[in-house]
Amino acid sequence: MRFLSLVFVSLIFTCTSLAVAEDILIADFEGETYGPGWTVEGTAFGTGPAKGGFSGQMPVTGFLGRGLVNSFLGGDDPTGKLTSPSFKIEQPFISFLVGGGGHDGLAINLLVDGQVVRTAAGPNKIPGGTEALDWHDWDVSEFQGKDAVIEIVDSIGDSWGHINVDQIIQTEKKHAPMLKTHDFQPTKEFLHIPITMNAPLTWIRVEVDGQWVQEFDCPLTVSGRPDFFATLQVGQWKGQKVTLLAEKVPAESQGLELIVQSDKMSQEDTVYREKYRPQFHYTTRVGWINDPNGLLYYKGTWHLFNQHNPFSTNWGNMTWGHATSPDLIHWTNLPDAIQPDKLGTIFSGSGVVDKNNTSGFQDGKESPLVLIFTYNGESARFGAKASQGIAYSTDGGKTFTKYDKNPVLPHIIGGNRDPKVIWFEPTKRWIMALYMDAEDYSLFESEDLKSWVKLCDINNLGCSECPDFFPLPVDGDASNVKWVFWGANGKYLIGSFDGKEFKPETPTLTNKYGGNDYAAMTFSDAPDGRRIQLSWMQGGEYPRMPFNQQYTVPRHLTLRTTPQGIRLFMNPVKELESLRAWKRETSTRVVTPSSEYVIPWDRELFDLEIALKPGRTGKSALDVVGRRIEYDVAAKTISLDGIKAPLELQDGRLTLRIVVDRTSIELFAQDGEVQIAKCFLPKSNVIYRGFLLTAEGDDTTLEKATTWELRSIWKR
């Protein structure tokens, strides 16, 4: 009767519409188990559906309801197979949501008569990517009326060695998104693109007069109010026909219709006022950031470039964001400086002022500002293996042009990337430090920033990625200069460099221990010979914010002689003190193991300097905004939230500087001998009344504490 009814209805409405049968649910994975008849083999799928992502997994989005199949249980290593009960194919399409890895050995398969007749997997095969699920359709019209089985397979233990599946249905219409286009002529400087954070990813290709110029993916808003608007600069194409070709757009999507032109960057009325916005640490206006890039100083302006995804709060679409500052503290975010092209996305690198015009790029009075970066095609669906390219500015950093003969250093090995370039005056050569593979780096030289020759290798540093290489005087003595070779996780070597070879004179060292501190880089051409460093506070959380991640405060680096030898010290730059406002001073107090003392304070943003004399035994502890800072006398360690670092007292004293923003705390101990950076998510409706000082095992003497309130850099 059901079939006859459908035929009857369709005959009646032949001239106006066709009846569509209801979808037939195969599995939605909403129960505590996979359901009757489903069988599980191996350990990857557990005993029932996942309720989202697992520990160590990026956020899983795009699934429906509360549950899904997720074989990341226990990480990427476990394997297994999940098999459905037999069912009859009644509709012309089987549709489902799928995500995760795309390697051979990962699949959702349709079996008819025991043979695999359709298969699919996730999109990810290399580091990066996203855990978002997306619709996939199988045309199964040729199998209608036959019995079938679905199996979900994870037989690989490797990076992206898992698969995510949800909402398997039989249907008369495809669910996979379609291609849509949006044509316009730019009349204003920017395009505002509506973004909803958990929407499925859409690939958007930008064509100008029919020519490919850019490509990116984004969680384009489907319907409703966007979470934020991404900014795409289009003013350079005024008078030309611009086409946005959006792939994987749901049929009901209104995202392209919500795009608007403007002469202002997006979010002007709300940006920098968000609930979790750091108030004096650098953040981008919207989108994701990670490594600082291209840091340089030129004619009174500090230039900060960064790994930026302008179209999402997740990693991807690596582009160089750009911000400038007159004082290292107050930053103005500008339009992105370098966009991906057909050689790949734009990974990390550095920047220099070419004062002698060795590159030949100068065109006018301004020295060329040259940015050196890694092209990475393997992180996108265009481009090639990692290579090194350059871009230059002849207008003081307002605009940048890519060198037309890129790459200047083709692919060598592995993921060779993150070039850090510095001028070496004795040989009048540019020196490039480049990450190669595993824990190995190399140095190269060039006369003109365009042609490079390898000099030497630096092996087994104990880290990978993001090298930095720079000279520093020891104890301020210009006649005693040593070179520092630095890696992404803060491991460093001190040694000598003659223009051809770096010779380490120390074992691998470290002075930073924070869990939220990675890929630090120093500024080129800083005035007064200072060596200023910025670092990415990797792993911070900013729920429901239009931005993601922040940087540390700028840090001044010095080399000093200690009883253990020459060591690197770091402290906040002196410019941070310009934010100091109201202050409170606390004089000497003695805290016994049976007592405690609260240093009064109730302001959100502050800079605290404190001097303590721990007892001969035991521990001294200070609670700051719910974070425990502890010195263990016997172990000779300082810790912040359990992150420990070795540290000796100096004449029995411990000096600390603690800088607290809305979502972070940075600890500098013994004048920067040890540094720990930590992000945190502030508790709602909790008001702290001060800093709790306690002692364990012996008395602790508070010699002095001075606390300054700090002003926001965003509120003018």
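Five cavities of 30 Å³ or more turn up in this structure, which is a predicted model. The largest cavity holds about 200 Å³ of space. Its lining is made of 20 residues, and those closest to the centre are T231, M265, H308, L334 and D336. Which elements give two or more residues to this lining? They are the strands β16 (228-233), β20, β21 (319-325) and β22 (332-338). Of these, β22 gives the largest share, with four residues. As for chemistry, the lining of the largest cavity splits into nine nonpolar, nine polar and two charged residues.

Strand β20 comes up again when we turn to the aromatic rings. A pair of aromatic rings is described by how far apart the centres are and by the angle between the planes. Searching the whole structure gives 35 aromatic pairs. Take W302 and F523: their ring centres are 5.1 Å apart and their planes meet at 85°, and since an angle over 60 degrees counts as edge-to-face, that is what this pair is. W302 belongs to strand β20 (residues 301-309), while F523 is in the loop between β35 (518-522) and β36 (531-536), so the pair ties together parts that sit 221 residues apart in sequence. Are these two residues buried or exposed? W302 is buried, with a relative accessible area of 3%, and F523 is buried too, at 1%.

Another pair, F424 and W483, is tilted, with 5.8 Å from centre to centre and 55° between the planes. This pair also links distant parts of the chain, as F424 is in strand β27 (residues 417-424) and W483 is in strand β32 (residues 477-486), 59 residues apart. F424 has a relative accessible area of 8%, so it counts as buried because the cut-off is under 20%. W483 is buried as well, at 7% relative accessibility. Both rings are part of a bigger picture: ring pairs join F424, Y435, Y441, F469, W483, F485, F497 and F502 into a cluster.

Some rings have a charged partner instead. R381 lies over the face of W203, 4.2 Å from the ring centre. Likewise, the charged end of R603 sits over the ring of W582, at 4.5 Å from its centre.

One last spot to look at is G539, in the loop between β36 and β37 (547-548). Which residues does G539 touch, leaving aside those up to four places away in sequence? The contacts are N516 and Q549. G539 and N516 are 23 residues apart along the chain, yet their C-alpha atoms are separated by 6.0 Å.

Note on methods
Residues numbered from 1 in each chain as written. Predicted model: local features only at pLDDT ≥ 70, side-chain atom pairs only at ≥ 80, totals over all residues. Heavy atoms only, no water. Phe/Tyr/Trp six-rings, centres within 6.5 Å; stacked < 30°, edge-to-face > 60°. Buried < 20%, exposed > 50% of the residue type's maximum accessible area, 1.4 Å probe, protein only. Lys NZ or Arg CZ within 6 Å of the ring centre and 35° of its normal. Contact = heavy atoms within 4.5 Å. 1 Å grid on protein atoms, 1.4 Å probe; cavity = no way out; pocket = protein on both sides within 12 Å on 5 of 7 lines; lining within 4 Å. Points joined across faces, edges and corners; volume = space filled by probe spheres on them. Nonpolar A, V, L, I, M, F, W, Y, C, P; charged D, E, K, R; others polar.
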